[in-house]
Amino acid sequence: MRVAERLAYTVAGDATEPEVGAVCEAALVALWTDLAWFEIDLSGLGEDPVSAHSVAALEPRRRKRLLGKRLESSAHLEPGPDDALLSFVVPLPTRTIGSTGIERQRSKTVFVADDQGTAAVFYLTGAQADAVQEQLEGEGWRKGLMIPAGSR
């Protein structure tokens, strides 16, 4: 079975906060079905009125620590069984300190959005990169928001 080649992309250095959010959201949606799992840090997001609803929906996906009854700060999701939660996850990568998606086929990281999306890298197939660009253009965002990594 041939594995599709993935290239690294990031967000343009001059992107505004809403533009960063649009790119992260489009990349996550494009990658979602390829992921084995997705992890997102929910620390401090429950107090944010914009994120509180999403955090509440993701609360059952937080794991308990082995020692004690405390919950981890991160929610762990699995595409497929957790598809209904995608709409709650999509707005969070630009609000959190970290989120990571691991590819199903090769168990490699293909989505990273750290530090509220300012440190973002997406490993996309050609078709996924095209889908992200089309989504961004369809939503009226300016061209050139998602660029090859290393082009910043």
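The exercises below work through salt bridges and one helix residue in a predicted model.

Residues are numbered from 1 along each chain as its sequence is written, and side-chain values use heavy atoms, with hydrogens and water left out. Because the model is predicted, local features need pLDDT of at least 70 and side-chain atom pairs count only at pLDDT 80 or more, whereas totals for chains, interfaces and linings use all residues.

**Exercise 1.** Determine how many salt bridges the model has, and describe the one that Arg 6 forms with Asp 34.

*Solution.* Start from the criterion, in which a salt bridge is a side-chain nitrogen of Lys or Arg within 4 Å of a carboxyl oxygen of Asp or Glu. Under this rule the count comes to nine. For Arg 6 and Asp 34, the closest N and O atoms are 2.6 Å apart. Next, place the partners along the chain: Arg 6 lies in the segment before β1 (7-11) and Asp 34 in the loop between α1 (17-31) and β2 (35-41), so that the pair links distant parts of the chain, 28 residues apart, where helices (H or I, at least four residues) and strands (E, at least two) are DSSP runs numbered from the N terminus. Finally, consider accessibility, for which buried means under 20% relative accessible area, exposed over 50%, and partly exposed in between (1.4 Å probe, protein chains only). Arg 6 counts as buried at 13%, while Asp 34 is partly exposed at 24%.

**Exercise 2.** Locate the two partners of the salt bridge between Asp 48 and Arg 95, and classify each as buried or partly exposed.

*Solution.* The closest N and O atoms of Asp 48 and Arg 95 are 2.8 Å apart. This pair also links distant parts of the chain, with Asp 48 in the loop between β2 and α2 (52-58) and Arg 95 in the loop between α3 (86-89) and β5 (99-103), 47 residues apart. Asp 48 has a relative accessible area of 18% and is buried, whereas Arg 95, with 28%, is partly exposed.

**Exercise 3.** Describe the surroundings of Ser 54.

*Solution.* First, Ser 54 belongs to helix α2, and its relative accessibility of 7% makes this serine buried. Second, the side chain of Ser 54 reaches the backbone oxygen of Phe 88 at 3.0 Å. Third, with neighbours within four places in sequence left aside, Ser 54 is in contact (heavy atoms within 4.5 Å) with Phe 88, Pro 91 and Leu 92.

Notes. Polar contact = N/O pair within 3.5 Å; in protein donor to acceptor, adjacent residues only side chain to side chain.
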